[in-house]
Amino acid sequence: MKQEIRKKDIAIIGMSGKFPKSKDLKEFWSNLTGGEELITFYNDTELREAGVSEEYIQNPNYVKADSALENVESFDYNFFGYTKAEAAAMDPQIRALHEQVWLALEDAGCNPYQYKEKIGVFLTASDNINWRAYSLLSKNEMVNPFFLNQISDKNFASTLISYNLNLRGPSYFTDTACSSSLVCTHVAARSLLLRECSIAIAGGARIESTDTKGYMHQEGMINSKDGHCRAFDKDSSGTITGEGVGIVILKRMEDAVRDKDHIYVVIRSTAVNNDGDRKVGYTAPSIAGQAECIRLAHQIANIEPEAVTYIETHGTGTKLGDPIEIEALNKAFNYNTNHKCAIGSVKASMGHLDTTAGISGLIKTALVLKNKKIPASLHFKEANPEINFKSGPFYVNQKLSDWTIDNQNNRIAGVSSFGIGGTNAHAVLEEFIADVQTEEDQNFHLIRFSAKSVKSLEQYQIELKNRLEEKDDLKISDLAYTLQTGRKQFGYNRFLVAKTKEEILTALTENVHDSLFTGKLKLNKKTVFMCSGSGVQYTDMCKGLYNRIPYFKQLIDTGFQQLKEITGIDFSKIVYPDTITEDFLHTINQNEYTQPLVFIFEYAVAKLLIKWGVSPDYMIGHSTGEYVAACLSGVFSYEQGLPLVVKRAKIMSLSPEGTMLSIELSELELQQYLTEEIAIAAINSPNSCVVSGTVKAINELQADLVEKGIPNSRLRISLGAHSFLMDTVLDDYAEALKTVDFSEPKIPFISNLTGRFITAAEACSVKYWIDHLRHTVRFSDGIAHLLKEPDTVFIEVGPSNALTTMFQQHQKLNTYGNIAINVIRHPKNEIDDQKFLLSKLGELWLNGIDINWEEYHENNKVNKASLPGYVFEKTKLPARVNLFEKLQQQNDPLAFTLENDFFVNDEKDEEEIADKKGEMSLNYVAPSNEIEYELVKIWEDFFGIQKIGIVDDFFSIGGNSLKALTMVKLVAKAFDIEITIKDFYTKTTIKELAHEISVVLKIMKMTKEKDKEVNKENIIKI
């Protein structure tokens, strides 16, 4: 069945959440399908140990149960750039929303830092006056009071996250009581349809900040008498208040399909209304209001009620609420007793999550539709006699059931959430039928993952391994695509290249060092393409890429076709012969074939990288390779460049016989061996040169070098390039050059003649290209010149690794630690071409250079997959506090200090913490005087970073305008001086600030001494 796409449809493309006894949605679904109740019941011993009074324990109305989250004190504040003090003051609900929003975005395969369109945020959280009072009354001098007001107030949850993740769409906080989070979903969907944003984040959190256990039951109130929520059952007495966090990521359906997103379900419609006064009281529900809301949702979805075969109800288990809800459903479904529709309530499993109730029901229903199974609604044995089940289609689903349908239509469900005060919300969801998955392709794939710490990286590897061990239809291509396009890169990185799931599992399980690569991110900003010269070609070069990458094949085939038109020879048979013989091996190494082949292959590799988003800032070629660089730079077109290279190769072959010898000597050391018949053809490195000359002279030189033990090797070439042996063909070549339309270079590249960047005049000069053929290739000088540029990656685009090897021979000049990477394998490296290229793309990624993976996958049938999310660091922060007890313990009843225990990480690693706060100064500089030592201590305490140097910039290690205001106060207090925020903005390092403070303190001292003198004189006068 093909999925119909309607303009009004909204796709859920990502979800995250944590609920009682459920650390994630996988565990949540397992608990639901396993019929597990998620409520915790305490025994008397546990309550006494928790400090509950004996009076409470023995009170018959005391219910010894909670539906609470675990580990609410943990928040990876470093990940989000907050200080420990800021995190400690932040509402735990806002903390949890930060982490769950990030996990939901990752589940959706969305990297917010790369996504170019607007992302909206629509969140809610429960009232938390206990926390707000606790935070505002605490003595927290490390947080700006203005900022403290925001981070402790739930109303700022959405905008804090929008700011932190640079989300530029609408940012709403919604509060309609119990229906808040489903209303958030409604507003988010409307914002998408109005095109105010392209992705919308909706959800909510409820975390109780008090440290109480259990609750007192009051007859007639919403909480049950036994801690269970028996929705729709005759023994129901209410619900239990629960905790949880839930987030969904929404996108217009047509966009989600276009973007190859992983789609959980389709939201056909949402509707919201209010009861008005059509009920017995403000807090009571309304049959008319609820029914109208549900009917409106059906109308917007353009469905008949009979299309719906499951409803996730509000289902609180109250004597008043349950009968009214079913009567409203009966009315909305026209009291149709011929239809059958199952109902359930997630509250029966974990209680009522207040503002987060709606999103928990929505998430549960999305999982129901995706898995086509309806979990049991717990504790239902016999219907509440006040509920009118007989007049409608509804029945409570009492056991885990396969969701079967009789017709050919998709499964459709409804989700209801009703708020105290009368704001009703209803959503209509439809299952998503994905296209039939194709068989796994036979390509290799780059699997990569990243984290802000080694610990998180290791833990993610375990999570990824566990995911792969699940028996499902996850395609390796989808796994790779999702990790490549939907994850942000952090400081610690790991990658592998594999073709099958078994290969990946082996690498992840055994940590095989030759297949699993780890590296710390190096942020490089520039790239240099290195284009090699003749001699690097080999039979079947790049064949794996030629057979797998259509764009690369197209470029090579175009070159083969043009060469055939120019020469009448099918060069494809030379590179890719049906049978490899000695004759073929000899042919590919002949100069007239070598140069054109090197040109078209290097050009194709370079153009492929450019198409994938890696463009050179600079280029350098070696002999023939400079023609590739010139062509890429626009000095001449490919159509004119290839015939020119063919002509160059042909006339060089007509030169007098000669040969070439590579020698491990410097240019200076080589001078004594030069004669009229021997010349330096190329200077490849400070200690490696190539000479050209007559066969007789080179033979004699080689014999001499062997006798002296000087390393040397003969090149596979029968001419003497870049020497006097070219003199006889220069005039012919000049005539060919005169036919070329030269243009100024658009991309700077190095001249082989000068070892410096070529000038426009040189590039457009016939004489330059004549001299280029005749004179020495000063490749070493060119590399030395380029190495003056920091943060640069050199990429060899030719076959083999000749230039990478030459680059590595310049390490004494490589003061910035730049690196070179060859992306095409050496012929002796018997590895699949695609596997080799992908491993090099992995190395580039480790060095801060990434490709456009959408371009890479343009011909691949890939989709985003739901994968494990980031593994956050565990920390300990205040979360459950008894404000009144805290105040009673203090001497000052209006203020208290946060415990130091809350500021301790489970595990600290100085290097990792420094990474989390941004790039520290490359060269740590220690403090040298008392003022600098004091400032370092203040900064380290404030940021929670060890070993801050005096040249580290405040804003580079996590500072911002609000943090600066706090820092100004801390510094002013420490030194008893006046300092303005303007002063701080202009003196952003400890060294600069210390100097300024030193001057101020000297002036203050001089002023005091002067005042003393004046006072002394006045006393004498008196």
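Buried means under 20% relative accessible area, and exposed means over 50%, with partly exposed in between. Keep those cut-offs in mind as you go through the views of this predicted model.

**Figure 1. A salt bridge in helix α29 joins an exposed residue to a buried one.**
K767 and D771 form a salt bridge, with their closest N and O atoms 2.7 Å apart. Both residues sit in helix α29 (residues 766-774), four residues apart, which is about one turn of the helix. In an α-helix there are 3.6 residues a turn, so residues three or four places apart point the same way. Now look at how covered each partner is. D771 has 18% relative accessibility, so D771 counts as buried. K767, at a relative accessible area of 56%, is exposed.

**Figure 2. The whole chain, before we zoom in further.**
The protein chain holds 39 helices and 29 strands. Its C-alpha atoms fill a box of roughly 110 × 110 × 50 Å along the principal axes. Of the 1022 residues in the chain, 58% are buried. The accessible surface comes to about 42900 Å², and carbon and sulfur atoms account for 50% of that surface. If you take contacts between residues at least 6 apart in sequence, 79% of them join residues at least 24 apart. Charged side chains number 111 positive and 138 negative, and the centres of these two sets lie 2 Å apart.

**Figure 3. D261 forms salt bridges with two lysines, K251 and K864.**
Start with K251: the closest N and O atoms of D261 and K251 are 2.8 Å apart. D261 lies in the loop between α10 (253-258) and β10 (265-274), while K251 belongs to strand β9 (residues 244-252), so this pair ties together parts that are 10 residues apart in sequence. Both D261 and K251 are buried.
Next, follow D261 to K864, where the side chains meet in a salt bridge of 3.4 Å, N to O. This pair links distant parts of the chain, 603 residues apart, with K864 found in the loop between α33 and α34 (883-889). How buried are the two partners? D261 has 7% relative accessibility and counts as buried, and K864 is buried too, with a relative accessible area of 12%.

**Figure 4. A network of salt bridges takes in D261 and K864.**
Step back a little from the previous view and further partners come in. K251, R252, D255, R258, D259, D261 and K864 are linked in a network of salt bridges. For the wider setting, a search of the whole structure finds 53 salt bridges.

**Figure 5. F636 belongs to the largest nonpolar core.**
This core has 105 residues, and those with the most contacts inside it are F552, L597, F601, F636 and L841. Helix α22 (residues 591-611) supplies the largest share of the core, 11 residues. Another core, of 76 residues, lies apart from it and includes L496, L508, V871 and L877. In soluble globular proteins, nonpolar side chains tend to be buried together. Which residues does F636 touch, not counting residues up to four places away in sequence? They are Y627, A630, C631, G641, L644, V740, D741, F742 and W769.

**Figure 6. R648 is a buried charge without a salt bridge.**
You will find R648 in helix α24 (residues 638-653). The nearest side chain of opposite charge is E626, 8.3 Å away. Which residues surround R648, leaving aside its neighbours within four places in sequence? R648 is in contact with Q595, S623, T624, Y627, H722, Y733, H772 and L773.

**Figure 7. Helix α16 is mostly covered.**
Helix α16 runs over residues 476-485, and 10 of its 10 residues are buried. Among them are I476, D478, Y481 and T485. What does the helix rest against? Its buried residues pack against β18 (445-451), α15 (454-468), α17 (501-510) and α33 (853-856).

**Figure 8. E503 in helix α17 is partly exposed.**
Helix α17, one of the packing partners of α16, contains E503. At 37% relative accessibility, E503 counts as partly exposed. From C-alpha to C-alpha, E503 and S515 are 9.3 Å apart in space, and in sequence they are 12 residues apart.

Note on methods
Residues are numbered from 1 along each chain as its sequence is written. This is a predicted model: local features need pLDDT of at least 70, side-chain atom pairs count only at pLDDT 80 or more; totals for chains, interfaces and linings use all residues. Side-chain values use heavy atoms; hydrogens and water are left out. Buried means under 20% relative accessible area, exposed over 50%, partly exposed in between (1.4 Å probe, protein chains only). Helices (H or I, at least four residues) and strands (E, at least two) are DSSP runs, numbered from the N terminus. Contact means heavy atoms within 4.5 Å. A nonpolar core is a set of buried Ala, Val, Leu, Ile, Met, Phe, Trp, Tyr and Cys residues joined through side-chain atoms within 4.5 Å. A salt bridge is a side-chain nitrogen of Lys or Arg within 4 Å of a carboxyl oxygen of Asp or Glu. Accessible areas come from the Shrake-Rupley method with a 1.4 Å probe; for residues, only the protein chains shown count as cover. Lys and Arg count as positive and Asp and Glu as negative; His and the chain ends are not counted. The place of a charge is taken as NZ of Lys, CZ of Arg, CG of Asp or CD of Glu.
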